[in-house]
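Trainee: Could you walk me through how to read a structure like this one? I would like to go feature by feature.

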Amino acid sequence: MENQLNLSLLPCPAMMATRINHGSTLNKFPPAALPEQPVGIGLRYPHYKDVLETELELGWLEVHPENYFGGGTHRHFLSEARKKYQVSLHGVGLSLGSTEPVSGAHLQNFKELIDIFQPFNVSDHASWSASGNAHLNDLLPLPYTHETLDALCRNITRTQEFLGRKILVENPSTYVAFAENDMTEYEFMNRAAEMTGCGLLLDINNIYVQAHNHGYDAWDYIGNINPHHVGEMHLAGHSEHNAAGKTILIDTHNHPVRGEVWGLYEFAVRRFGVIPTLIEWDQDFPTLETLVAEADKARAIIRNVAKERLLHAAE
Ligand SMILES: [Fe+2]
């Protein structure tokens with residue numbers, strides 16, 4: 001078990017920064033603490049029953065809070081799951097990259113769930129999905145300009161002030177690049193963290209997919225992210241598609257994590273240390289056993305990197 005290793009050899013200052021205590025009279029669960037085991041899975045409805053009835057070697061569960069705003073059966077299952085596991089709330093609807101302010105009603109719903117479920121991490125994306133009364137079911141890309149950076153930072157700050165805590169912001173998967181870009185995506189993400197104090201949720205598969213589609217080096221991207229900012233990583237499977245004779249990669253979340261992405265993840269663990277890591281799978285759901293096997297692979301990589309560090313430290 002990895003918590004028997006001296007994981008302090010894999011430093012991560014951002015993990016300490018996410019240990020924030022939240023007092024609330026609405027609390028039903030103990031205040032947030034980082035999970036003892038760093039690897040979790042996304043909790044999705046086909047697995048609700050199995051997650052409750054099976055004893056799993058899992059560190060934590062991540063859910064999209066928007067699926068639980070309405071209470072009812074979904075929230076009941078989440079309450080039962082929270083009795084067994086730590087949770088992370090990963091938003092998909094804040095539209096942090098919009099030029100308009102984040103919705104106060106959305107924030108209020110989000111805060112209600114935080115007060116009840118006491119997540120160790122709260123996150124959303126560096127993208128936009130709302131304009132006026134229109135809400136789009138996608139995470140749309142931003143031009144990486146000073147103007148969009150300012151708009152994103154205004155909404156991150158509004159969100160952090162409303163929720164009373166630091167949030168993590170995830171790098172998106174995108175399929176277009178803008179001629180207006182003033183900076184690279186990794187510069188944009190680093191600056192957002194520096195300007196607002198937010199953390200970064202690095203999706204390793206998104207970086208791999210974009211690097212392929214846009215023609216840059218994924219390892220260089222990770223090498224340029226400030227380790228101090230990183231508080232969580234995501235892993236997922238992608239699909240290959242042929243477009244006019246060219247192979248493009250789509251972030252479909254319906255496959256096991258690809259071998260190249262595992263290699264990139266190992267590089268990221270060496271750079272960022274032991275960070276809570278999530279296996280995401282959102283379509284063509286596999287058995288819970290398959291998901292847990294993916295989590296086991298991530299744990300094995302963390303263990304191996306920690307062992308190498310121990311050996312080097314002993315030399
Ligand atoms: Fe992700």
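Mentor: Let's take confidence, the barrel, a hairpin, some helices and a few single residues in turn.

Trainee: Before anything else, how far can I trust the coordinates, and what is the average pLDDT of the chain?

Mentor: Start by remembering that this is a predicted model. The protein chain averages a pLDDT of 90, and 91% of the residues score at least 70. Then look for the weak stretches. Over residues 1-9 the pLDDT is below 50, although the model gives this stretch 18 contacts beyond near neighbours in sequence. Residues 11-26 also stay under 50, with 36 contacts beyond four places in sequence.

Trainee: Now the strands. Which strands make up the closed barrel, and in what order?

Mentor: For a barrel, follow the pairing from strand to strand until you come back round. Here the closed barrel has 8 strands and runs β1-β2-β3-β4-β7-β8-β9-β12, with parallel pairing. From one strand to the next, the twist averages 30°.

Trainee: Can we walk through the join? With which strands does β1 pair?

Mentor: Pick one residue and look to either side of its strand. β1 (residues 39-42) pairs in the parallel sense with β12 over 3 bridges, and with β2 (residues 60-63), also parallel, over 3 bridges. Gly 40 is a handy marker: its bridge partner in β12 is Leu 278, while in β2 it stands opposite Trp 60. On the other side of β12 (residues 277-280), 4 bridges join that strand to β9, again running parallel. There, Ala 236 stands opposite Glu 280.

Trainee: And where do the side chains of a strand point?

Mentor: In a regular strand the side chains alternate between the two faces of the sheet.

Trainee: Next, the hairpin. In what sense do β10 and β11 pair?

Mentor: In a hairpin, check the direction of pairing, then the turn. β10 (residues 239-243) and β11 pair in the antiparallel sense over 5 bridges. Ala 243 stands opposite Lys 246 in β11. The hairpin has 2 residues between the strands, and Ala 244 takes a positive phi near 50°.

Trainee: Where else should I look for a positive phi?

Mentor: Try just after helix α7, where Gly 215 has a positive phi near 80°.

Trainee: While we are at α7, why is this helix described as largely enclosed by the rest of the structure?

Mentor: Count its buried residues. In α7 (residues 204-214), 8 of the 11 residues are buried, so the helix is largely enclosed by the rest of the structure. The buried residues include Ile 204, Ile 207, Tyr 208 and Val 209, along with Asn 205, Asn 206, Gln 210 and Asn 213. They pack against β8 (199-203), α8 (218-223), β9 (230-236), β11 (246-250) and α9 (259-272).

Trainee: How do I describe two helices that pack together, for example α4 and α5? At what angle do they pack?

Mentor: Give the angle, the separation of the axes, the handedness and the residues that meet. α4 (residues 104-117) and α5 (residues 146-163) pack at an angle of about 45°, with their axes 10 Å apart. They are therefore oblique to each other, and their crossing is right-handed. Leu 107, Phe 110, Lys 111 and Ile 114 in α4 meet Thr 159, Phe 162 and Leu 163 in α5.

Trainee: Let me try α9 and α10. Which residues meet there?

Mentor: From α9 come Trp 262, Tyr 265, Glu 266, Val 269 and Arg 270, which meet Lys 297, Ala 298, Ile 301, Ile 302 and Val 305 in α10. α9 and α10 (residues 288-314) pack at about 45° with their axes 10 Å apart, and α9 passes α10 in a right-handed crossing.

Trainee: Is Ala 298 buried or exposed?

Mentor: Count the surrounding C-beta atoms. Ala 298 has 24 others within 10 Å, so this residue is buried. Leaving aside neighbours within four places in sequence, Ala 298 is in contact with Val 39, Leu 235, Tyr 265, Thr 277 and Ile 279. Val 39 is 259 residues away along the chain, yet the two C-alpha atoms are separated by 7.0 Å.

Trainee: And Lys 49, buried or exposed?

Mentor: Lys 49, in helix α2 (residues 48-53), counts as exposed because there are 12 C-beta neighbours inside 10 Å. Its C-alpha lies 9.4 Å from that of Ala 81, 32 residues apart in sequence.

Terms used. Residues numbered from 1 in each chain as written. pLDDT = per-residue confidence, 0-100. Contact = placed C-beta atoms within 7 Å. Buried ≥ 20, exposed ≤ 12 C-beta atoms within 10 Å, placed from the backbone. Pairing = 2+ DSSP bridges. Axes fitted to C-alpha atoms, helices over the stretch in contact; angles between N-to-C directions. Parallel < 35°, antiparallel > 145°, perpendicular 65-115°, else oblique. Left-handed = near helix turned anticlockwise from the far one by under 90°.
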